[in-house]
Amino acid sequence: MTVYNNIASMIGNTPMVKLGRLFEHAHFDIYAKLEMHNPGGSVKDRPAKAMLLAALEEGRIRPGSVIVESSSGNLAVGLAQLCNTMGFTFICVVDPKTTEANLRVLRAYGARIDLVKKPDPETGEFVPARLARVRRWLKRLPDAFWPNQYGNKNNSLSHQQTTMAEMAADLPHLDYLFCGVSTCGTIRGCVDYIRLNGLKTKVIAVDAEGSIIFGGEKGKVTRMLPGLGAGIKPGLCPDEGIHEIVKVNDRDCITGCRKLVRMESILAGGSSGGVIRAVEKYSPYIEPGSTCAVLLPDRGERYLNTVYDDTWVSKWFGNDFTAGLHKQGGAIEE
């Protein structure tokens, strides 16, 4: 179908592409699910649509309602585009990690932006601080609706019914799935689909260093890039069904992104680079002949001033790291 009734009907059915150059010499085949092809540019369009439609059906919202949500970027964009077309007012609580590009997109959709400037004093993380700000808005606006991406079952359900279902249809004999984690909606939905359909797919969770999603104490790791990890354990975090956890850092995300765009011409967001590096790190444990998939959450245009900018990379990670990117063919030359 190439004619759609509205922007919401365009969400989903994203393509998969084989990463034939980047993993040319690997002993397994690997395919990328390109969630950047959603109209809002990310996988978060799916839960944004599912949560709003469910709230409409339940009578919790109606045209003119106020929607308040905490997001570092992608879900915010997904909600903003849908609130705009469905007639809702959207208040988005963000933090300094939100890219300027995402903020401009939000403003273009007419969203109201509430910036939390300081992290939670107890955890040092922004997510708890953003959630506290959301609760303040709900007290001020008692009729407002909070989708709560961290605990809304329709978040994970959207991925169970669409994201993983699409991948299973495209790759019926999928051995490994590499999926980044933050709110855990995506990985929970994928795990649920695999369990309910009796698939043998092994799910590899890609988490950020310093994240406490899967337990442990908060690491003293400063994360510059959004998209992976969290300072809390989300309610949607699956208790079982994850085969292995691979930790990555900002350098991994940048390196993976640069390799991906140079080798495959896929300009993806920061967390996608982390997922690519997770595959490289875990590759010795993948059985020869396996079929693998990576879920690439978003597009990279909103990271041109960070991940793909040598000046920014050198400022935060040093000239030696940037020089290394050039040597491996992963740098953007002037």
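Biologist: With which residue does Arg258 form a salt bridge?

Modeller: This is a predicted model, and in it the pair links distant parts of the chain, with Arg258 in helix H7 (residues 250-264) and its partner in helix H9 (residues 310-317), 52 residues apart. The closest N and O atoms of the two residues are 3.0 Å apart. The residue that pairs with Arg258 is Asp310.

Biologist: Is Arg258 buried or exposed?

Modeller: Buried means under 20% relative accessible area, and its partner Asp310 falls in that class with 15%. Arg258 has a relative accessibility of 0%, so Arg258 counts as buried.

Biologist: Which residue meets Arg223 in a salt bridge?

Modeller: A search of the whole structure finds 19 salt bridges, and in one of them the side chain of Arg223 takes part with an N to O distance of 3.5 Å. Arg223 is buried, with a relative accessible area of 10%, and the partner also counts as buried, at 7% relative accessibility. Arg223 lies in the loop between strand S7 (202-208) and strand S8 (244-248), while the partner, 98 residues apart from Arg223, lies in the loop between strand S5 (112-115) and H4. That partner is Glu125.

Biologist: In which helix do Asp192 and Arg188 both lie?

Modeller: The side chains of Asp192 and Arg188 meet in a salt bridge at 3.3 Å, N to O, and Asp192 counts as buried at 12% relative accessibility, whereas Arg188 is partly exposed at 26%. The two residues are 4 residues apart, about one turn of the helix, and that helix is H6.

Biologist: With the side chain of which residue does the side chain of Thr14 make a polar contact?

Modeller: Thr14 sits in the segment before strand S1 (16-18), and at 5% relative accessibility Thr14 counts as buried. Not counting residues up to four places away in sequence, Thr14 touches several residues, including Lys33, Glu35, His37 and Glu166. The polar contact, at 3.2 Å, is with the side chain of Arg46.

Biologist: Which residues touch the most other members of the largest nonpolar core?

Modeller: The largest nonpolar core has 41 residues. Val294, for its part, touches residues that include Leu19, Ile30, Phe178 and Val275, not counting those up to four places away in sequence. The residues that touch the most other members of the core are Leu19, Phe178, Ile254 and Val294.

Biologist: What is the approximate phi of Asn13?

Modeller: Asn13 lies in the segment before S1 and is exposed, with a relative accessible area of 68%. Although Asn13 is not a glycine, its phi is positive, at about 55°.

How values were computed: Residues are numbered from 1 along each chain as its sequence is written. This is a predicted model: local features need pLDDT of at least 70, side-chain atom pairs count only at pLDDT 80 or more; totals for chains, interfaces and linings use all residues. Side-chain values use heavy atoms; hydrogens and water are left out. Buried means under 20% relative accessible area, exposed over 50%, partly exposed in between (1.4 Å probe, protein chains only). A polar contact is a pair of N or O atoms within 3.5 Å; within protein, one must be able to donate a hydrogen and the other to accept it, and residues adjacent in sequence count only if both atoms are side-chain atoms. Contact means heavy atoms within 4.5 Å. A nonpolar core is a set of buried Ala, Val, Leu, Ile, Met, Phe, Trp, Tyr and Cys residues joined through side-chain atoms within 4.5 Å. A salt bridge is a side-chain nitrogen of Lys or Arg within 4 Å of a carboxyl oxygen of Asp or Glu.
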